[in-house]
Amino acid sequence: MTDYLVQFNNISKFFGKVIALKDVTMRLKKGEIMCLLGDNGAGKSTLIKTLAGVHKPDEGEIIFENKKIIFDSPKDALDIGIGTVYQDLALVSLMSVTRNFFMGREPQKGIPFFKTFDVDRANKIAAERMGQIGIDIRDPSQAVGTMSGGERQCLAISRAIYFGAKVLVLDEPTSALGVHQASMVLKYIVKAASEGLAVILITHNVHHAYPVGSSFTVLNRGKSMGTFQKKDISREKLLSMMAGGEELDKLEVELQEMDRIHSKN
Amino acid sequence: MSLKSKSISSKSSLNEDERLKKISPLRVLLNRPELGALGGSILVFIFFGIVAGDTGMFSAYGMLNFFDVSANLGIIAIAAAMLMIGGEFDLSIGSMIGFAGICIAIPAIYWGWPLWMSIVFAFAMAVLVGYFNGIMVVKTGLPSFIVTLAMLFILRGLTLAITRLITGRTQVPGLRVLIEDDPLAWIFATDTFKWLFTWLGSLKLIELRTDGTPLATGIPPSVIWFVALTLFATWILMKTRYGNWIFASGGDKVGATNVGVPVGRVKISLFIGTAVASTIFACIQVLDAGSADTMRGTLKELEAIAAAVVGGCLLTGGYGSAIGAAFGAIIFGTVSMGIFYTDVDTDWFKVFLGAMMLIAVVFNNYIRKKVTESK
C-alpha cells in the first residue's frame, strides 16, 4: 500500500515509428499539485490524452487508489474521477453558463419518457458553484461568450470538480490569459488542491507553475527528465532543463570553439 | 423570464458591483434568436393589412389558405432548424418528399396494400434514409452539404425511375377513394374544428357558399401538425437533456464529445427527424391531392433552410429556435399567398425570398457577435 492517489508508471506511447512518450512516470498524492513542464513537441498533448483515456498506453500501467486500471474510453477515466480540462475548455460560447456547466450531464426531473432538463435546479447549482470561486454571474442564463478567459477557465475547472474529479488534469490553463486573469485561475487551482484534489498542471510557463507547484516533472522529446520536489530545484534550473538547457550549453561550447579556430587563422 | 429577472435583482441587492452594467429587458429580448422572425411576421401582416386589407386575404378562407401554405413549409422548416442547430444541413428534404409520396402511392395503388400499411412503409423508408444520411456524415466526417446533395439526386432519381418502371408514368393518382375508413390516413387528411366554422357560418360571421355551408370548412391538418411540431420541438430544445445535446453538438462538436455528449447519435437522430418531417409533409400533400407526383417537393429543402435562417438559426450551428423557424415559415407562406391579393407580379416572390434571407443572415451575424462579445 502506498499513499499515492494515482500513479502513472512507465507510460509509453508509440504512433507507428514515432515514439511519442517513453517511460514517463508520475505519482501524485491528494492535495498535491504536480506541474508537468515541457516545451512544444515534448509530448505533453499525448500524455494528457493518455491520462484522459483518449489514447491507450502501449506500455506501462495506471494505478488509481492502489488498483490497476485500464481505460477504454474517456468516459472510463471520467467515471473513476480523472477530470481533464482541455485547452479548448469544451465550452460552447453561444450557450448559457448553466447549459455549459451541465453539458452532457443534465439533471432531470419528471416521469420516464417525459423527463425534462431541470433548468431551475441547474441554474441554482451553477450560480452557487461559480459564487464559491468568487465569480458573480448575474444571470446563469447568460452566454458563456460574455465571460472573460479566466472566468471560463474557472467554469471548466469547477465543472470538472462538481462532477466528481479526484484528479484534475489541466491543459495549459493560463496560457491565453493576462497576469491578473492567470493569477485568479492559479489561486483557484491552489484552493482546489487544498480541498484534497490531486492536480496535474500542464504548462510551458515556469513562472506560473513554480509558485503553485509542489513537484515538477519535466518532459523533453517524449521522455521524462525526472520529477523534482520544489525544495530540490530552482526556477532557473527548471527553466534551463525545459528549454533543453544542456543542448544550449553544448551549442555555446561549439560556438566558442569555432571562434577560437577563426581567431587562430 | 421570471427566473432571469429574479436572479438579477437578488444579485444586485446582495452585491452592488459597479462594473456590472444593468442589462435592459430589451437586450434580453434581443438575445432571443426568434426575435427577427417574429418582428418580420408582424411587419408582413401590417404590410398586407394595408395593401390587401380590403381583399379576401384576411377572410377566414383567405387566412386558412396562407396558413396552410405556411404550415406545410413550417413542418419541414422546424426539422431543418433543429438539424441546423445540431450543426448540419439536409439538402435531401425536397427529394425525400417526392420519394415518400410514391412510397405511399405505389404500394397502395399497384400492390394492393392497405393505405395505412403504405404510410407506415413510407415512414420506415424515411427513418432509413435519415439514418443513412446521418451515419454517412458522422462516420466519414464529410460535410453534410455534400452527403445530402448526393442524396438529393439519388432519391429524386430513384423516385422517377421506380415510378416509371412500375407505372409507366410520373404521377400516381387514385388515392382519394382509399382515405375513407382507413385507420391511419385520417390523421393526415382531416379538417378539424368544423363545428366552429359551421357555428361562425350560422352567425354569418364568415363567408358562406350558396348552399349555406361555410366556405372555410375547418382547420386543415397541416396547421394542426405545424402547431404540434412547433410546440414539441420547442419543448425538446428548451426543456430536455436531448435539447441541450443538440445545442452542444452544433456549438462545439469536440467539446461536446469531451464532456460525454453522444454527438454522433444526436446528429443521426436529427437527420432521421428531417426525413420523417418530409414524410409527414408528403402524407398531407399526397392525401390532400389524392395523387403522388415524382416532382413533388422540388426545391423545398432550400425554402426550409431559408425559413430556418430567417428564424434565427446560425449556419454554423449551435444557435437557433423552433419558434423562429415557425415564424420564418409563416413569413414565406403569407407573402407567397398574399402576393396574389396585391397588384404585384408573383414573379417578385423569389426576389423577396432572397432579400429576406440576406437581411436575416446579416441580422443574425450581428446578434451572434452581441451574444458572444466579451465584456
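Two residues are taken to be in contact if their C-beta atoms, placed from the backbone, lie within 7 Å. On this basis the surroundings of the helices can be described in the present structure, which is a predicted model.

In chain A, the covering of the buried residues of helix 6 includes strand 3 (33-38), helix 5 (149-162), strand 9 (167-171), strand 10 (198-203) and helix 7 (206-212) of that chain. The residues so covered are A182(A), M184(A), V185(A), L186(A), Y188(A), I189(A), A192(A) and A193(A). Helix 6 of chain A comprises 16 residues, and the distance from its first C-alpha to its last is 22 Å, close to the 22 Å expected at 1.5 Å a residue. S194(A) belongs to this helix, which covers residues 179-194. S194(A) is classed as exposed because 10 other C-beta atoms lie within 10 Å. Its C-alpha atom is separated by 9.5 Å from that of I33(A), although the two residues are 161 residues apart along the chain. After helix 6 of chain A comes G196(A), which has a positive phi, near 105 degrees.

Chain A also contains a hairpin formed by strand 1 and strand 2, with two residues between them. The two strands, residues 6-15 and residues 18-28, run antiparallel and are joined by seven bridges. Within this pairing, Q7(A) has R27(A) of strand 2 as its bridge partner. In the turn, G16(A) shows a positive phi of about 60 degrees.

The largest nonpolar core holds 187 residues, of which L168(A), I200(A) and I78(B) touch the most other members. Helix 4 (residues 60-85) of chain B supplies the largest share of this core, 17 residues. In soluble globular proteins, nonpolar side chains tend to be buried together. Setting aside residues up to four places away in sequence, L168(A) touches G83(A), V85(A), I157(A), A160(A), A192(A), L197(A), V199(A) and I200(A). One of these contacts, A192(A), is also among the buried residues of helix 6 of chain A.

Chain B contains 17 helices and two strands. Its radius of gyration is 22 Å, which agrees with the value near 21 Å for a compact globule of 375 residues. Along the principal axes, the C-alpha atoms of chain B fill a box of roughly 75 × 55 × 40 Å. Of the 375 residues in chain B, 47% are buried. Among contacts in chain B with a separation of 6 or more, 78% are between residues 24 or more positions apart.

Helix 6 of chain B runs over residues 115-140; at 1.5 Å a residue, its 26 residues should span 38 Å, and the end C-alpha atoms are 37 Å apart, which agrees. Its buried residues are L115(B), S118(B), I119(B), A122(B), A126(B), V129(B), G130(B), N133(B), G134(B) and V137(B). Helix 5 (93-110), helix 7, helix 8 (176-179) and helix 14 (263-289) of chain B are included in what covers these residues. The helix is followed by G141(B), whose phi is positive, near 70 degrees.

S144(B) is located in helix 7 (residues 144-167) of chain B. S144(B) counts as buried because 25 C-beta neighbours lie inside 10 Å. Apart from its neighbours within four places in sequence, S144(B) is in contact with E88(B), F89(B), D90(B) and V137(B). Of these, V137(B) is one of the buried residues of helix 6 of chain B. The C-alpha atom of S144(B) is separated by 8.4 Å from that of G134(B), 10 residues apart along the chain.

Terms used. Residues are numbered from 1 along each chain as its sequence is written. Chains are lettered from A and ligands numbered from 1 in the order in which they are written. This is a predicted model: local features need pLDDT of at least 70, side-chain atom pairs count only at pLDDT 80 or more; totals for chains, interfaces and linings use all residues. A nonpolar core is a set of buried Ala, Val, Leu, Ile, Met, Phe, Trp, Tyr and Cys residues joined through C-beta atoms within 7 Å. A residue is buried if 20 or more other C-beta atoms lie within 10 Å of its own, exposed if 12 or fewer, and partly exposed in between; C-beta atoms are placed from the backbone. Helices (H or I, at least four residues) and strands (E, at least two) are DSSP runs, numbered from the N terminus. The radius of gyration is taken over C-alpha atoms; the globule rule is 2.2 Å times the number of residues to the power 0.38. The expected span of a helix is 1.5 Å times one less than its number of residues. Two strands pair if DSSP finds at least two bridges between them.
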